[in-house]
Amino acid sequence: MIVAGPVLYARGADRTAAHVTVLVVTREGDTAPRVAAAGQEDAMAVAARLEGHVVWMRDIALPVGDAADYAVDGTSYRVRTDLGGGLRIGFVSCNGQENGDEDREHEHRDVMWRRLLTEHQERPFALLLHGGDQLYADEAVESHPAISAWAKDEPARRAQEPFTPDMEAALRGYFFRRYLDTLTQAAAAPLYATVPSLMIWDDHDIFDGWGSHPDALQQSPIAQGIFKVAREMFILFQVGAVEGGLPRTCLDPSGATMTQSAHFPGFSVCLPDLRSERTPDRVMGPAGWAAFERALADCPDGDAILLVSSVPALGPRLSLVESVLDRMPRAQKYEDDLRDQWQSRSHRTEWRRLLTLLEAKAVKGNRPLTVISGEIHLATRAEMRLEDGSTMHQLVASGITHPKPPVAFPLALSLLSRLGESPLRGRPIKVFPLPGRRMPYIADRNYLVITRRDGRWSAEWELEETGRTPALAL
C-alpha cells in the first residue's frame, strides 16, 4: 500500500521524451510497487528504509505529447510532456512557518496550494519549481532532549556537546515524518504526482539561518549532525536520489554542493546551491562556484535561462535596510532573513561575481535570463539593465503557505527600494511594483506562473487577497 507519492522529479526533456524519477513510500513488508510507462512495466528499487517505511524510486521516460500517462500499481497519472512549444511553469517557495507548522489547520494553511491545483486541472503545468524552504524544520532541535538543551545553551558551550547515534536517529525520524506530512498534503500531493519538480533548498530545510551563524554554533558537532541528516533527507525527498547515486541534474558528483540544472527544448533551469557551503563570510565555496559556472556554460546558446536563486539576486541597498530594521523592534524576527541576502555587506564581492556571470551569459549567448527567487515572504520584482541594453528580470514569489509578515515590513522595503542599487557600475537595479499594483513589495501569500506562448515568455503572480496580476512580458 502506497503511503506517500508518487512524486515526480524532472531530469530534463528533448523533442521525443521527458525524463523523470518516480518516488513512492510504502510500509515495511509491502511488495515492491510497479511502475508502467510507455508500454514497459518495472518494479521500483529500494532507496531507503526509515521508521518502518520503505522509500522506492524508478527512472522512467515519458513520450512527448500534450499528455502522457504512467501508472503505479495500476493507478494512472497524466503528465504534460510536450515542453517544446507553449507551456506553463509554476514556482513556489516557503512552504511552512517557523513554529507550529504541523499544528496548523490545512483549510487555512493550503489555500494557495488549492488554487495552484485548480489551475493545473484547468491548464496543466509542465514543470513545478521550488525555490527553497519546502520544509520548515526549525523544530528539529526539539526532536531529542539533548539537542533541545544544546539549542538553549551558551554559544561557547555548544561546541563541546557531542553528537550521538541516539540524536541522529531522533533527527532522522523527525525529518522523515515532516517530509511524509509534506508529501501527503491533500492539495499538493496531486501536483507532486503529475507535475515534475525541480527543488533547491534554503535555510529552513535545515534550520533557520543555516550558514550565517558564528562558527561556535555552525561547526559544533550537533549543528553539523543536524546538517548531515537534513542533507540526507533533502537528497532523498527533494532531489529524488540517494548519496552516491545523484542524478545527472546534479553537477557535483561529490555532493559538496547540490547545484542542479536541467535542459528542455528552448530553455534551461539552473538551481545554484546557496546553503551547503555557506558561512557568515561567503555564499558559495569553491565547489559551489565551479558547479554554478558549469551550469551556466552547459546552457545552449539562444536558449532562455530560468535561474532559481533561493535568495533574491536583485534588491535594494540592504545595508540601509538592516540599519532601519535595527530601529524596528517588531521586525527583529526578519533581520536574519534580510542579512542572509546576496546584497548583505559581507557578500558584496560575491554578489558582483554572480551578477557579472549572469550578465555575460545573457549578453554573449544572446538569450533572455530571468532570476526567480523566494525566501522573503513577499512578492516583488526587479530589473537590471545589461550592457547591451537588454533587461534581466527578477521575479520573487514567497510564500506559498508562510503567513504574511506585518504591514511595516513591506512598507519599509518599498520606501527604501526607491534609493536604488548599482553593485556593477552603470548597471542600476530597480525594484518595481507587480503589474497592476502600487507598492513594490506585497505581503500576500502567493505563487508565480511563468508562461511561454509563441516563443514569448511572461509571468503572473497569484496573490491570496488581491488575486491575479496582469501578465509581465519578460
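Are Trp201 and Phe227 buried or exposed? In this predicted model, both residues turn out to be buried. They also pair up through their rings, with 5.7 Å centre to centre and 40 degrees between the planes, which makes the pair tilted. Trp201 sits in the loop between strand E11 (197-199) and helix H7 (215-218), while Phe227 belongs to helix H8 (residues 221-239), so this contact ties together parts that are 26 residues apart in sequence.

Trp201 has another partner in Phe234. Here the ring centres are 4.5 Å apart and the planes meet at 20 degrees, so this pair counts as stacked. Phe234 is in helix H8 as well, and the pair with Trp201 therefore ties together parts 33 residues apart in sequence. The relative accessible area is 0% for Trp201, and Phe234 likewise comes out buried at 0%. Ring pairs link Trp201 and Phe234 with Phe207, Trp210 and Phe227 into a cluster. Across the structure, the tally of aromatic pairs is 13.

Rings also meet charges. Arg88 lies over the face of Phe125, at 4.5 Å from the ring centre, and Arg353 does so over Trp289, at 4.1 Å from the ring centre.

As for internal space, the model has five cavities of 30 Å³ or more. The second largest cavity, with a volume of about 70 Å³, is lined by 15 residues, and those nearest its centre are Ala18, Val20, Leu83, Ala126 and Pro196. Strands E1 (2-13) and E2 (17-27) are the elements that each give two or more residues to this lining, with E1 supplying the largest share, four residues. By class, the lining splits into 10 nonpolar, three polar and two charged residues.

How values were computed:
Residues are numbered from 1 along each chain as its sequence is written. This is a predicted model: local features need pLDDT of at least 70, side-chain atom pairs count only at pLDDT 80 or more; totals for chains, interfaces and linings use all residues. Side-chain values use heavy atoms; hydrogens and water are left out. On a 1 Å grid over the protein atoms alone, a cavity is a set of points where a 1.4 Å probe fits but cannot get out, and a pocket is an open set with protein on both sides within 12 Å along at least five of seven lines; lining residues have an atom within 4 Å of a point. Grid points are joined across faces, edges and corners, and a volume is the space filled by probe spheres set on the points. Ala, Val, Leu, Ile, Met, Phe, Trp, Tyr, Cys and Pro count as nonpolar, Asp, Glu, Lys and Arg as charged, and the others, Gly among them, as polar. Rings of Phe, Tyr and Trp (its six-membered ring) pair if their centres lie within 6.5 Å; planes under 30 degrees apart count as stacked, over 60 as edge-to-face and the rest as tilted. Buried means under 20% relative accessible area, exposed over 50%, partly exposed in between (1.4 Å probe, protein chains only). A charge sits over a ring if NZ of Lys or CZ of Arg is within 6 Å of the ring centre and within 35 degrees of the ring normal.
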